Amino acid sequence: ELRGVAHTDIESPTRRRFLQGSAATAALSAMPFSLSLLSGGAMAQSGSKEVISGCHWGVFTGVVEDGRAVKFKPWGGDPQPTPMLEGVRDSIYSASRIRYPMVRRAWLEQGPGADPDGRGNGDFVRVSWDKAIELVANELTRVREEYGQQAVYGGSYGWKSPGKLHNCKTLLRRMLNLTGGFTSSIGDYSTGAAQVILPYVSGSIEVYEQCTTYPVLAEHTDLMVFWGCDPRNNSQISWQVADHGAFKGIDQLKEAGVKTLCIDPLRTNTCDYLDGEWIAPKPQTDVPLMLGIAHTLLSEDLHDQKFLDRYTSGFEEFRPYLTGESDGQPKDADWAADICGIDAETIRDLARRFANNRTMLALGYSMQRQHHGEQSTWMLVTLACMLGQVGLPGGGYGLSYHYSSGGAPTHNSPIVKAIDDAAGGGMGGSVDEAGSDIMIPVARFVETLLNPGKTMQFNGSEIELPVIKLAYWAGGNPFAHHQDRNEMLRAWRELDTFIVNDFQWTATARHADIVLPCTTSYERNDIEQVGDYALSHIVAMRKIVEPQFEARDDFDIFAAIADKLGKGYEFTQGRSEMDWIRGFYEGAKIEARAKGMEMPVFDVFWESNKPLAFPLEDEQKNFVRHEAFRKDPILNALGTATGKFEIYSRAIAGFAYDDCPPHPTWMEPIERLDGPTTKYPLGISSNHPAGRLHSQLCGTAFRETYAVQNREPCMINPEDAEPRGIKDGDVVRVFNDRGQILAGAVVTDDIMPGVIMVSEGGWFDPLDPREIGSLCRYGDVNNLTPGIATSKLAQANCGQTGAGDVEKFTGELPEVYVFSQPEIIT
Ligand code: PGD
Ligand code: PGD
Ligand code: 6MO
């Protein structure tokens, strides 16, 4: 199915799935587990206890004294625990914790839709849980009756906590499916463009699939190219429980002395650590850089024509574009140099080095989170095909080396099942009015609110944008993750009702009408696998402390709402928390047995306080991506129309999109550093933060380790800081026509001149929430980014696109408000 991705909810429990090299796993005769039958819950000292759990940041034990978590101790098996773990602990107790169910006063007193401009002004009224559940249930009913079920949006995107049961995003959808349906979302913010184009190019979404493993790289790779790819920053966390295998992998590269090259506007942590060579192109100009390299390969006959003939299709259609035969502009190194700022001789040299060494091109995700972001991924695959090393040990390309420790070898383990959304069938639930659900591309929700009824192109199909009156978010922070905050504020005024479950007073919760306080995953029981790719262990996520204040599990919240709407039993199936967890474990036990392994009985596993380890076999340790395809391209054909890598796509040609041509193409983005029509002088990067997971932990004490005068850091080169009179540690105002934020200047040579970097995820803190365009006091970079789509193909977000300017802030410095309990501020 060529367009499978268009019909699959990538964010469903099957997200972050990946293909292993081979299904064959030798049956084992022994029981290879490290789990000791005698180990019990470890007691540290009298009066204190240690409880095992796991989170996006890794496996740890919570040290509890007098009912309070005093420390999260990283697990001994973690090769590189992240310092963020201390912030994780603090998230239980931080001042930003939501304590009680709250309703916005205007909404409560005047009804849905009242005073929408007042959202975010902190005027909340505390209500009882019973009252809150009743308000939510009644409002769901009202909106569905008045506007139809599509008027309820439950596409709620975000990095909810791991755990096979307390997956709040799935639980929200489960409740909505059982009680009458809703509009959902498709795709994600991480790889929105790449996951749509790649099925046409390499035959699968690929971005969440396994790469050639690090041990293979250490042995075979001569030149490791980290192209906008920073594993030592980004693999601090995983979608499931982090294994941090990438850190081990990077160490293997270091020990083996693999030559490293980092192509990035920033000198990254990975570059530093590996003492890599740093090449800094202007942001958003990687396609010209890649084209310049490709042109050199072709003109110096360094390309692998045999590989192109045997394993790819469409190079002949692409060649005239590359040579300039079709448009009069050869995409040579000189042309590329003018655009990307890397001199032509360096570009030619890169081409020669790539061709003359065993080269691995490791691409991050930032470049596809840009206007026309589909093209960079497509062009990188094209470049790798021209080099002809795809499927060889240590060569080719990899798309997840930076993400959740892709490249860490996959263990032989069963899959632990998870609770479903009741629409998948087989679990007893069914959608009452199946067929009327609608999906919109996840990053187009604001556009939908502003343009109900409009027709939108998406991946070769047409979608009619529905009328939405109620949105329900659980496990995401759209007032951090979505672009163009001010356009978003305008769009939000179209909603009658916005409901949020969270445990922290994020900007999203502050802009809600009904706020329901949920537990953190340290206040409930669950189960999860360790390592998205490694799948090395199963870990018990045991309750460490009792829920704070009136927090309830999302499971119980949605069960109560479902119950009010007559579907309580369908939601819970009469099972308790531990019934579900035990069931997931038993399912895995059966699968393990079929693979010749015997897992301990559940109670032993649960009480052991240790992760259950699974073995690593040589075949997976030495996995080489696309090896099978290279060996036999007929038998192991790719999932594309031709079964080969497609450098020209007939399917995409058929869509005739002006912003996504049928072969990789350079198109100017809406704005960029030194862009021909760009108004502002500085490019803005918005990388993923070193000290947070997106917005998570921003409200904790861990912020103090990086904040500058309690503002989000803004990296700036001395060449840009000096003429503006900006010194390290100053508060600055960053601005463009879309918005303005305060930030704290970090003046450093680690960022190239012309570019500033403010990480995504800083909490939005408008000086006057009623005023669109108001100054954000903390530094939410998405006040500055455009809300446009990458193209009609993927309709993905452009969070890494933008330009602006910065000045020293000289006014009276407003206090930051967003990290405390809400109080009325207008
Ligand atoms: P998080 O901060 O992780 O950000 O956006 P996302 O919305 O995922 O938000 C998760 C929220 O879920 C937090 O508020 C947390 O408290 C809450 N939560 C955690 N566990 C639970 C739970 O058990 N129950 C409930 N109810 N809530 C819970 C991330 C998104 O941002 C992503 S993935 C990417 S890749 C994008 N990246 C960029 C970018 O590079 N540049 C820009 N400018 N913008 C981006 N936005 C995107
Ligand atoms: P970014 O930090 O946005 O990460 O992974 P992704 O690869 O998208 O960017 C990576 C690198 O790209 C940065 O070093 C940046 O300087 C560089 N870069 C930016 N623009 C350009 C460009 O135009 N050209 C080139 N060549 N380089 C560029 C994101 C992934 O990280 C995702 S999707 C998620 S959801 C996770 N989020 C986090 C997180 O929030 N915090 C941490 N610590 N780790 C994460 N890991 C995951
Ligand atoms: Mo992401």
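**A buried glycine, two ligand shells and three domains**

Gly-155 sits in the loop that links strand 6 (152-153) to helix 5 (168-179); helices (H or I, at least four residues) and strands (E, at least two) are DSSP runs counted from the N terminus. The model is a predicted one, in which local features need pLDDT of at least 70 and side-chain atom pairs count only at pLDDT 80 or more, while totals for chains, interfaces and linings use all residues. Residue numbers start from 1 along each chain as its sequence is written, with chains lettered from A and ligands numbered from 1 in the order in which they are written.

Is Gly-155 buried or exposed? Gly-155 counts as buried because it has 28 C-beta neighbours inside 10 Å. The labels work like this: a residue is buried with 20 or more other C-beta atoms within 10 Å of its own, exposed with 12 or fewer, and partly exposed in between, the C-beta atoms being placed from the backbone. Setting aside neighbours within four places in sequence, Gly-155 is in contact with Thr-183, Ser-184, Ser-185, Ile-440, Val-442 and Phe-445 (contact means C-beta atoms, placed from the backbone, within 7 Å). Gly-155 and Trp-473 are 318 residues apart in sequence, yet their C-alpha atoms are 7.8 Å apart in space.

Next, the overall layout. The chain is assigned domain 1 (97-187 + 414-613), domain 2 (201-409 + 622-647) and domain 3 (682-808), with bounds that come from an automatic or database domain assignment. Between the centres of domain 1 and domain 3, taken over C-alpha atoms, there are 29 Å. Where these two meet, 28 residues of domain 1 are in contact with 30 residues of domain 3. On the domain 1 side, strand 15 (455-458), helix 18 and helix 19 (485-492) each chip in at least two residues, and helix 19 has the largest share, with five. That side of domain 1 breaks down into nine nonpolar, 13 polar and six charged residues. For these classes, Ala, Val, Leu, Ile, Met, Phe, Trp, Tyr, Cys and Pro count as nonpolar, Asp, Glu, Lys and Arg as charged, and the others, Gly among them, as polar.

Now for the ligands. Around ligand 1 there are 37 residues, the closest being Gly-158, Trp-159, His-481, His-694 and Gly-799; a residue is near a molecule when its C-beta atom, placed from the backbone, lies within 6 Å of it. Helix 18 (478-481) and strand 18 (497-502) are the elements giving two or more residues to this shell. Polar residues number 23 in the shell of ligand 1, next to nine nonpolar and five charged ones. Domain 1 and domain 3 each provide at least three residues of the shell around ligand 1.

Ligand 2 is surrounded by 32 residues, with Ser-190, Gly-228, Gly-364, Tyr-365 and Asn-687 the closest. Its shell divides into 13 nonpolar, 15 polar and four charged residues. For ligand 2, domain 2 and domain 3 each supply at least three shell residues.

Two residues other than glycine also catch the eye for their backbone angles. Asp-484, in the loop between helix 18 and helix 19, has a positive phi of about 50 degrees although it is not a glycine. Asp-484 is buried, with 22 other C-beta atoms within 10 Å. Gln-709 lies in the loop between strand 24 (682-685) and strand 25 (713-716), and its phi is likewise positive, near 50 degrees. Gln-709 is partly exposed, with 14 other C-beta atoms within 10 Å.

Finally, a pair of helices. Eight of the eight residues of helix 6 (residues 194-201) are buried, so this helix is largely enclosed by the rest of the structure. After helix 6 comes Gly-203, which has a positive phi near 90 degrees. The axes of helix 6 and helix 16 (residues 374-387) come within 9 Å and cross at roughly 35 degrees; axes are lines fitted to C-alpha atoms, for helices over the stretch in contact, and angles run from 0 to 180 degrees between N-to-C directions. Ala-194, Ile-197, Leu-198 and Val-201 of helix 6 make the contact with Glu-374, Thr-377, Trp-378 and Val-381 of helix 16. Six of the contact residues are nonpolar, one is polar and one is charged.
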